[in-house]
Amino acid sequence: MSPISRAVKFLCNLAHSSSGPSEIPPSPTDFGPQNFLPASTFSFFSAVPSVEMTSTTLICDTQPWKDLKAHVQDIKKTHLRDLMNDKERCESMMVEFDGMFLDYSRQCATLDTMDKLYKLAEAASLKQQINRMYSGEHINSTENRSVLHVALRAPRDAVINSDGKNVVPDVWNVLDKIKDFSEKVRSGSWIGATGKPLKDVIAIGIGGSFLGPLFVHTALQTDPEAVEFAKGRQLRFLANVDPIDVARNIAGLNPETTLVVVVSKTFTTAETMLNARTLREWISSTLGPSAVAKHMVAVSTNLTLVEKFGIDPNNAFAFWDWVGGRYSVCSAVGVLPLSLQYGFSIVEKFLKGASSIDDHFRSAPFEKNIPVLLGLLSVWNVSFLGYPARAILPYSQALEKFAPHIQQVSMESNGKGVSIDGVPLPYEAGEIDFGEPGTNGQHSFYQLIHQGRVIPCDFIGIVKSQQPVYLKGEVVSNHDELMSNFFAQPDALAYGKTAEQLLKENVSQHLIPHKTFSGNRPSLSLLLPSLNAYNIGQLLASYEHRVAVEGFVWGINSFDQWGVELGKSLATQVRKQLHTSRTKSEPVEGFNFSTTKLLTRYLQASSDIPADLPTLLPRI
């Protein structure tokens with residue numbers, strides 16, 4: 001490319017960029033080893049040929065986007081106090097499907113707003129994008145992969161193709177294998193090395209191999225049907241490479257009755273494999289090396305490394321590269337440990353709940369499509385109203401791990417700064433997700449939500465409690481007390497409280513500014529009939545597809561995660577330094593001043609760690 005062409009290309013990108021000249025690619029002299037980045041990082045850039053950027057139209061260049069930008073001024077003149085008085089508007093903002101009820105009337109939006117959002121969806125070819133995903137096209141273009149987590153919960157007779165092959169039979173082959181294996185373990189026909197049944201399971205995995213299964217497990221722990229199936233069994237999850245996590249997981253367990261599930265697609269994930277080697281030592285030091293084959297199984301596609309590790313390849317359960325980690329809970333990643341704990345029949349209900357939403361997402365018109373509505377409203381709040389965060393507030397303690405899982409699904413998927421074609425985004429994309437079950441969150445961060453920053457909220461309520469409690473003489477049941485808050489909080493956010501109202505209540509003049517609530521703070525309410533395995537599957541799939549809708553509209557790739565790679569690469573250099581410093585007493589070199597100082601202090605303060613590490617396991 002000529003210098004003039006390069007200049008033109010840079011200026012075109014700059015016109016679409018809010019980042020300005022900082023988008024100029026760095027050179028090795030900007031970020032050399034003295035600034036932490038190892039010099040080897042830059043050999044990568046020199047080895048990659050320059051790539052011409054294909055011309056692309058960003059969604060912000062379309063007329064529907066511009067119409068919504070102009071429409072913001074109309075919305076700023078409204079208040080939810082007034083919008084909520086429009087019965088026709090409110091009724092049109094309520095949608096029901098398969099027992100789920102969505103009320104988004106407390107969003108800062110009018111019927112005109114929704115019409116404009118539907119036009120934006122058309123401009124983004126949302127329907128075509130959804131169909132491309134379901135038809136197995138390689139919509140994850142940076143990794144050249146299909147995105148087919150919907151196939152993981154498809155009916156046995158469904159046809160979903162990837163690269164010209166129907167993948168559903170392969171999915172069900174693995175599900176059948178999981179059903180057979182889990183029934184053997186649960187019935188006691190598969191026993192440990194000393195002849196005892198394996199009643200305790202530790203699943204080792206990190207990220208999507210941990211957060212999704214943990215969410216489902218936590219939600220099922222108090223479901224009456226699941227409780228019956230789980231009697232006498234334990235399921236724990238080991239994710240963090242911190243030895244404290246190991247200590248907590250093995251505390252109180254006997255290797256003789258423990259089965260370990262190692263979840264790693266490539267069987268090379270650093271944290272997971274170190275934890276796997278640690279638990280292998282925990283088992284073999286008590287039961288002997290040959291016990292590993294009876295007490296450890298794998299969820300992986302790398303059968304060579306599985307066998308080399310000591311696990312029988314026949315006890316490896318496959319998944320595929322068209323399954324992203326954060327979307328893998330419906331694969332063997334989640335289905336195997338959950339089936340070992342609750343039985344396959346419970347987990348199959350979870351898969352059917354997710355499949356129900358999959359069908360709804362693909363076929364329902366946008367104005368009745370729960371995931372599409374959730375996604376479009378998120379785009380409206382983030383990119384137009386300027387509200388970058390979202391609070392996920394389930395009024396059920398059983399859903400305490402839901403927000404952490406969706407945090408990964410959403411932020412790892414849509415935390416992108418460039419379009420799918422590599423063009424810097426001139427608009428905000430991605431949400432900052434956090435949450436806590438009600439009413440705990442009310443006594444934690446709701447102060448900010450009511451009187452500080454505006455944070456759109458998702459209120460999730462359950463009609464029938466998993467574990468109802470009634471006390472004679474109480475005004476309401478425990479669950480009704482909980483749900484009183486579920487119904488009250490959205491109205492408090494929407495309506496607020498004015499100075500005039502406070503004056504009528506004879507509030508002291510000097511306290512009025514402190515007790516005034518501005519209101520006009522958006523939320524939506526999602527009401528589920530109960531929280532059984534089926535409903536949990538519905539909830540999961542609704543949020544997975546919501547994230548996809550956002551990404552499709554923003555024009556980003558919601559299915560890669562290159563942002564997690566750089567830190568891991570740099571950790572490799574630190575690991576080498578720690579090894580050489582401990583074994584050869586070599587000084588810290590090749591890092592910036594700050595990192596050198598921190599590393600040196602750490603090494604000096606932990607100098608009691610022997611150079612030749614002996615085996616030492618936690619003792620709790």
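Asn592 counts as buried in this predicted model, because its relative accessibility is 19% and the cut-off for buried is under 20%. You'll find Asn592 in the loop between helix H24 (565-584) and helix H25 (593-605). Its side chain has company from the backbone: a polar atom of the Asn592 side chain lies 2.8 Å from the backbone nitrogen of Thr595, and the backbone nitrogen of Ser594 is 3.2 Å from a polar atom of that side chain.

Now for the rings. Searching the whole structure turns up 18 aromatic pairs. Here are two of them, side by side.

| Pair | Geometry | Centre to centre | Angle between planes |
|---|---|---|---|
| Tyr134 and Phe361 | tilted | 6.3 Å | 50 degrees |
| Phe181 and Trp190 | edge-to-face | 5.0 Å | 75 degrees |

What does the Tyr134 and Phe361 pair link? It links distant parts of the chain, with Tyr134 in helix H7 (residues 126-134) and Phe361 in helix H16 (residues 344-363), 227 residues apart. Both Tyr134 and Phe361 are buried.

The Phe181 and Trp190 pair is out of the solvent by the same sort of reckoning. Phe181 has 5% relative accessibility, so it counts as buried. Trp190, at 14% relative accessibility, therefore counts as buried too. Trp190 also has a charge for a partner: the charged end of Lys294 sits over the Trp190 ring, 4.6 Å from its centre. Elsewhere, Lys177 lies over the face of Phe317, 5.0 Å from the ring centre. And if you like ring clusters, have a look at Trp65, Trp380, Phe384 and Tyr427, which are linked into one by ring pairs.

On to the nonpolar cores. Which residues have the most contacts inside the largest nonpolar core? They are Tyr104 and Phe350, in a core of 133 residues. Helix H23 (residues 533-554) gives the most to this core, chipping in twelve residues.

Phe350 is worth clicking on. Setting aside neighbours within four places in sequence, Phe350 is in contact with Val216, Val329 and Cys330, and also with Ala533, Tyr534, Ile536, Gly537 and Leu540. There's also a second, separate core, this one of 23 residues, and its members include Phe267, Ala276, Ile283 and Ala298.

Terms used:
Residues numbered from 1 in each chain as written. Predicted model: local features only at pLDDT ≥ 70, side-chain atom pairs only at ≥ 80, totals over all residues. Heavy atoms only, no water. Phe/Tyr/Trp six-rings, centres within 6.5 Å; stacked < 30°, edge-to-face > 60°. Helix = DSSP H or I, 4+ residues; strand = E, 2+ residues; numbered from the N terminus. Buried < 20%, exposed > 50% of the residue type's maximum accessible area, 1.4 Å probe, protein only. Lys NZ or Arg CZ within 6 Å of the ring centre and 35° of its normal. Polar contact = N/O pair within 3.5 Å; in protein donor to acceptor, adjacent residues only side chain to side chain. Core = buried A, V, L, I, M, F, W, Y, C linked by side-chain atoms within 4.5 Å. Contact = heavy atoms within 4.5 Å.
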